[in-house]
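These entries record what I looked up, beginning with the ligand and ending with the aromatic rings.

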Amino acid sequence: MQQHNSTIQALKDALGDRVSTGDSILDLHASDEAHFHPQRPDAVAYPESTDEVVQIVRRCAADHCPIVPYGVGTSLEGHIIPVQGGITVDTSRMNAVLEIHNDDMDAVVQPGVTRKQLNEALKATGLMFTVDPGADATLGGMAATRASGTNAVRYGTMRENVMALEVVLADGRVIRTGTRARKSSAGYDLTRLFVGSEGTLGLITELSVRLFGRPEATAAATCRFDTVEGAVNTVILAIQLGIPLARIEFIDALSIRALNQYNDDMSLAESPHLFLEFHGTEAGVAEQINQVKALANEGGADEFQWARKTEDQTALWRARHDAYYATKALRNRYGHLKSTIIIISYI
Ligand SMILES: Cc1cc2nc3c(=O)[nH]c(=O)nc-3n(C[C@H](O)[C@H](O)[C@H](O)COP(=O)(O)OP(=O)(O)OC[C@H]3O[C@@H](n4cnc5c(N)ncnc54)[C@H](O)[C@@H]3O)c2cc1C
């Protein structure tokens, strides 16, 4: 039975049909990509501005009505399930790229902008936003989960890439944390407090994020090892030597089986593998490749299998990004097996 009727009516008076109690909308916001039992919110609100978020939060605070911020619901730990009901605040309509500062290499965005939308907006600039957790998540959701992903080894996670935030606190106050200045040590580091707070400390309504220059050259490859130890030692040595790898991920034999079965065009040997990507100038990439090849040979690796065309590189990392679904499919088929994908990153 629906609860919080007076709160919902007040929000409908303020936001009109951007507050929904429709069955399909409630179902859509009842679970994320995790396995937990779904639970519907009582209503879903779609604010379009910080002011509207403030209105929602103030009304909910006054009525003791729970709030769950929502990006696109791709998180994997049941974060967005409204276990106490209440209002889910869906940020998908707050999806404007507000500012791009080419020279300073940063951008200011609303929280509902997804990483692909931002990179699309950056296409003409030669810049890129690098945090890539696989799913096309919102930057608000990624900041709230401190998302990492395949690029983290070179470019960092959301922890390193969020410079400043605007946040609506639980009582409706709006605060700003951090600045766009790269070198600043004044005051409490509240930005780091909110990054990773999973929607529990406030609702992020604006983010300033770091950008990087698109590399002149990229190269991606897979590499098979006889042993887990050989693959892992290669990674350790490469990082200790300071080789600026853009991406490096270890995938065990069982996870390779999962990827092969899930992707029609993938047929890697069922052994431990590294997936690698190199960024830099043509000469820099060639040098990195030679260095890593030498380390991999010592670790007992086969020759690298190159993904030379852009579409082949995209397919390689698509397979990696689909690994969650691939291992789930494998588990459904062979419930007793355990597979591992280890993401090598700063954290
Ligand atoms: C196939 C797949 C692969 C993935 N791989 C990785 C990976 O390699 N590394 C990794 O880190 N993650 C990975 N993820 C998870 C990823 O981190 C999340 O999908 C993403 O960070 C959440 O963004 P979202 O927009 O979907 O947020 P949601 O799932 O909607 O929300 C996530 C959390 O953030 C809160 N939230 C959302 N928006 C706001 C806001 N504006 N203000 C405050 N709180 C907010 C929510 O309340 C919730 O607690 C993967 C997910 C999938 C499906």
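Entry 1, the model. I note at the outset that this is a predicted model.

Entry 2, the ligand shell. I asked which residues are closest to the ligand. Of the 35 residues that surround the ligand, the closest are Pro-69, Thr-74, Ser-75, Pro-133 and Thr-138. I then sorted the shell by class and obtained 17 nonpolar, 15 polar and three charged residues.

Entry 3, origin of the shell. I looked up which helices and strands each supply at least two residues of the shell. They are strand E3 (67–70), helix H5 (139–144), strand E10 (203–210), helix H12 (310–321) and helix H13 (323–333). H5 provides the largest share, with four residues.

Entry 4, polar contacts and burial. I listed contacts made by oxygen atoms of the ligand. For Pro-69, a polar backbone atom is 2.6 Å from an oxygen atom of the ligand. For Ser-75, the contact comes from the side chain, where an N or O atom is 2.7 Å from a ligand oxygen. Thr-138 likewise places a polar side-chain atom 2.7 Å from an oxygen atom of the ligand. I next looked up the area of the ligand: taken alone it exposes 960 Å², of which the protein buries 93%.

Entry 5, aromatic pairs. I found five aromatic pairs in the structure. One of them joins Tyr-155 and Phe-212, with 4.8 Å centre to centre and 65 degrees between the planes, an edge-to-face arrangement. This pair links distant parts of the chain, since Tyr-155 belongs to helix H6 (residues 152–155) and Phe-212 to strand E11 (residues 212–213), 57 residues apart.

I asked whether Tyr-155 is buried or exposed. Tyr-155 counts as buried because its relative accessibility is 7%, under the 20% limit. Phe-212, at 24%, is partly exposed.

Entry 6, a second pair. The rings of Tyr-324 and Tyr-325 have their centres 5.3 Å apart and their planes at 65 degrees, so I record this pair as edge-to-face; the angle is over the 60 degrees required. Tyr-324 is partly exposed, with a relative accessible area of 26%. Tyr-325 is also partly exposed, at 32%.

Entry 7, a cluster and charges over rings. I noted that Phe-278, Phe-304 and Trp-306 form one aromatic cluster. Within that cluster, Phe-304 has Lys-293 over its face, at 6.0 Å from the ring centre. I also recorded Arg-93, which lies over the face of Tyr-46 at 5.8 Å from the ring centre.

Methods. Residues are numbered from 1 along each chain as its sequence is written. This is a predicted model: local features need pLDDT of at least 70, side-chain atom pairs count only at pLDDT 80 or more; totals for chains, interfaces and linings use all residues. Side-chain values use heavy atoms; hydrogens and water are left out. Rings of Phe, Tyr and Trp (its six-membered ring) pair if their centres lie within 6.5 Å; planes under 30 degrees apart count as stacked, over 60 as edge-to-face and the rest as tilted. Buried means under 20% relative accessible area, exposed over 50%, partly exposed in between (1.4 Å probe, protein chains only). A charge sits over a ring if NZ of Lys or CZ of Arg is within 6 Å of the ring centre and within 35 degrees of the ring normal. A residue is near a molecule or strand if one of its heavy atoms lies within 4 Å of it. A polar contact is a pair of N or O atoms within 3.5 Å; within protein, one must be able to donate a hydrogen and the other to accept it, and residues adjacent in sequence count only if both atoms are side-chain atoms. Accessible areas come from the Shrake-Rupley method with a 1.4 Å probe; for residues, only the protein chains shown count as cover. Ala, Val, Leu, Ile, Met, Phe, Trp, Tyr, Cys and Pro count as nonpolar, Asp, Glu, Lys and Arg as charged, and the others, Gly among them, as polar.
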